[in-house]
Amino acid sequence: MTTLWMKAASFAAHKHRNQVRKDGKTPYIAHPFRVAMIVRDLFGVNDEEVLAAALLHDTIEDTDTDYDDIADAFGERVADLVGALTKDMRLPDHKRETAYDRQLAEGPWEARLIKLADVLDNITDASHEKMIRKASSKVVRAIKLAENDEELSGAVQVVKEFAEALMVVEV
């Protein structure tokens, strides 16, 4: 029997198959897999739809996948979570990040949970000063978006501890 997260893992692997991380070597799919593992293993969330959304969190933004593709294959809740995690690339850069933060703040708490896992993975994967600064900034933004959510207090604490241990940001 194939579970929803297993189906999502295959879908994400297929969609990201020709992509690599910024190091030019690591297959991109390693990132969504690590994000899902952070959600499950560090944040303690076993909800199949949340894990599926974690695996799919970059598919709309970085592949030819759209919301309807996700909704048809995985259901509306997963599509809503992935949609909340997707930047509107039609907006100019200077408006995009503000709109994205507002979208996350207004979206389901599970989207902010996945975002915390996303920034945690990015900060641990950052390999040079510019990447570390950019990732650190995103860690601070994600924490600010999540720190008032009771459901996210444990995840926020984990991210803070990792960021401080890596000495990349004081939060």
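**Figure 1. Ile114 and the residues around it.** In this predicted model, Ile114 touches Val35, Val39, Val50, Ala53, Ala54, His57 and Leu85, leaving aside residues up to four places away in sequence. Two names here come back in the next view: Ile114 and Val39 are both among the residues of the largest nonpolar core that touch the most other members.

**Figure 2. The largest nonpolar core.** Let us step back from Ile114 to the core it belongs to. This core has 46 residues, and those touching the most other members are Val39, Phe43, Leu56, Val78, Leu113, Ile114 and Leu116. Which helix gives the largest share of the core? That is helix 8, with eight residues. As general background, nonpolar side chains in soluble globular proteins tend to be buried together.

**Figure 3. Ala79 in helix 6.** Ala79 sits in helix 6, which runs over residues 76-84. Is Ala79 buried or exposed? Its relative accessibility is 0%, so Ala79 counts as buried. Leaving out residues up to four places away in sequence, Ala79 touches Tyr67, Ile70 and Ala71. Ala53, a name you may recall from the Ile114 view, is 26 residues from Ala79 in sequence, with a C-alpha to C-alpha separation of 7.4 Å.

**Figure 4. The largest pocket.** Here is the open space of about 730 Å³ that makes up the largest pocket. Its lining has 28 residues, and the closest to the pocket centre are Arg21, Lys22, Asn122, Lys134 and Lys138. Helix 4 (59-62), helix 7, helix 8 and helix 9 each provide at least two lining residues. By class, the lining holds 14 charged, nine nonpolar and five polar residues.

**Figure 5. The second largest pocket.** This pocket encloses about 160 Å³ of space. Trp5, Ala9, Phe33, Ala36, Met37, Arg40, Leu51 and Leu55 form its lining. Helix 1 (4-15), helix 2 (30-42) and helix 3 (48-56) are the elements giving two or more residues, and helix 2 has the largest share, with four. How does the lining divide by class? Seven of its residues are nonpolar, one is charged and none is polar.

**Figure 6. The one cavity.** Searching the whole structure for cavities of 30 Å³ or more turns up one. The volume of the largest cavity is about 60 Å³. Around it you will find Lys87, Glu97, Tyr100, Asp101, Leu104, Lys115, Val119, Lys138, Arg141, Ala142 and Leu145. Lys138 also appears in the view of the largest pocket, as one of the residues closest to its centre. At least two lining residues of the cavity come from each of helix 7 (93-106), helix 8 (109-125) and helix 9 (129-146). The lining counts six charged, five nonpolar and no polar residues.

**Figure 7. The whole chain, for orientation.** To place the close-ups, here is the full fold, with ten helices and zero strands. Its radius of gyration is 15 Å, close to the 16 Å that the globule rule gives for 171 residues, so the chain is as compact as a globular protein of that length. The C-alpha trace spans about 45 × 40 × 35 Å along its principal axes. Of the 171 residues, 42% count as buried. Among contacts with a separation of 6 or more, 61% join residues 24 or more positions apart.

Terms used:
Residues numbered from 1 in each chain as written. Predicted model: local features only at pLDDT ≥ 70, side-chain atom pairs only at ≥ 80, totals over all residues. Heavy atoms only, no water. 1 Å grid on protein atoms, 1.4 Å probe; cavity = no way out; pocket = protein on both sides within 12 Å on 5 of 7 lines; lining within 4 Å. Points joined across faces, edges and corners; volume = space filled by probe spheres on them. Nonpolar A, V, L, I, M, F, W, Y, C, P; charged D, E, K, R; others polar. Core = buried A, V, L, I, M, F, W, Y, C linked by side-chain atoms within 4.5 Å. Buried < 20%, exposed > 50% of the residue type's maximum accessible area, 1.4 Å probe, protein only. Contact = heavy atoms within 4.5 Å. Rg over C-alpha atoms; globule rule 2.2 N^0.38 Å.
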